[in-house]
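Student: I've just opened this one and I'd like a close look at a single part rather than a full tour. Please pick the strand region you find most useful to talk through, and tell me how it fits into the rest.

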Amino acid sequence: MAKTRPKRWLAVLFIALCLAIPFGIIYYVSTPSYQERYEDLQQQPESFRTASESRAADDKVVLVRGERVEIANTALVYKGLVSGQICLDLYLLDLDSEHPYQQRFSADMGDGTIHMGDITYSVVSANNRMVVLKILHIMQTR
């Protein structure tokens, strides 16, 4: 009786695995659920496509920790959540664009409003990595 070589079976198994992975990826990408998610992603505004960046769009601002976002004549940098307080730096661009004004306020303000510069915000959600603020009003300046 002839013995099968173990190395031969390993080679066959390796080749089968190398062929199965690309075919599996092609099958997954061609499924309807993946195509729907891809189309939804393509319909999102450009400012929401990169998850690692802070962004401001329409009436909401998403601040990722350590990233600077400019809104009207202010800039905000989220520093984190400390003892239930949101810590961020406010830069008044018309006054001094390099000097930060430290701001602290409660993360669970309910319907409370926050005034920073010429903009009024309310807190939508906050965690140590990011904060979402809703823009309630922007005062028009000349």
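Tutor: Here is a walk through strand S4 and its surroundings, starting with the whole model and ending at the edges.

First, the ground rules. This is a predicted model, in which local features need pLDDT of at least 70 and side-chain atom pairs count only at pLDDT 80 or more, while totals for chains, interfaces and linings use all residues. Residues are numbered from 1 along each chain as its sequence is written, and side-chain values use heavy atoms, with hydrogens and water left out.

pLDDT is the predictor's confidence in each residue, from 0 to 100; its mean over the protein is 80, and 82% of the residues reach 70 or more. The stretch to leave alone is residues 47-53, where pLDDT stays under 50. The model has 13 contacts for that stretch beyond four places in sequence, a contact being heavy atoms within 4.5 Å. Where pLDDT is low, predicted coordinates should not be read in detail.

Now the layout. The protein has two helices and nine strands, in the order α-α-β-β-β-β-β-β-β-β-β along the sequence. These are DSSP runs numbered from the N terminus: helices are H or I with at least four residues, strands are E with at least two. Of the 142 residues, 25% are buried, where buried means under 20% relative accessible area, exposed means over 50%, and partly exposed is in between (1.4 Å probe, protein chains only). Among contacts with a separation of 6 or more, 28% join residues 24 or more positions apart.

So what does Leu 76 do in strand S4? Let's zoom in. Leu 76 counts as buried because its relative accessible area is 0%. Leaving out residues up to four places away in sequence, Leu 76 touches Leu 63, Glu 67, Arg 68, Val 69, Ile 71, Leu 88, Asp 89, Leu 90, Met 116, Tyr 121 and Leu 133. Its C-alpha is 9.1 Å from that of Leu 92, which is 16 residues away along the chain.

Several of those neighbours turn up again in the largest nonpolar core, which has 18 residues. Such a core is a set of buried Ala, Val, Leu, Ile, Met, Phe, Trp, Tyr and Cys residues joined through side-chain atoms within 4.5 Å. The residues with the most contacts inside it are Leu 63, Ile 71, Leu 76, Met 116, Tyr 121 and Leu 133. Strands S2 (60-64), S3 (68-71), S4 (74-82), S5 (85-92), S7 (114-116), S8 (119-126) and S9 (130-138) each give two or more residues to this core. In soluble globular proteins, nonpolar side chains tend to be buried together.

Further along S4 there's a polar link to its neighbour in sequence. The side chains of Lys 79 and Asp 89 meet in a salt bridge at 3.4 Å, N to O, under the rule of a Lys or Arg side-chain nitrogen within 4 Å of an Asp or Glu carboxyl oxygen. Lys 79 belongs to S4 and Asp 89 to S5, ten residues apart. The count for the protein comes to one salt bridge. Lys 79 is partly exposed because its relative accessible area is 40%, while Asp 89, at 8%, is buried.

Lys 79 also touches Cys 87, a residue of S5. Cys 87 is buried at 12% relative accessibility. Its other contacts beyond four places in sequence are Tyr 78, Gly 80, Val 82, Gln 103 and Arg 104. Between Cys 87 and Arg 104 the C-alpha distance is 4.7 Å, with 17 residues separating them in sequence.

Finally, look at the loops on either side of S4. Most residues other than glycine have a negative phi. Ala 72, in the loop between S3 and S4, has a positive phi of about 55 degrees and is exposed at 57% relative accessibility. Ser 83, in the loop between S4 and S5, has a positive phi of about 50 degrees and is exposed at 75%.
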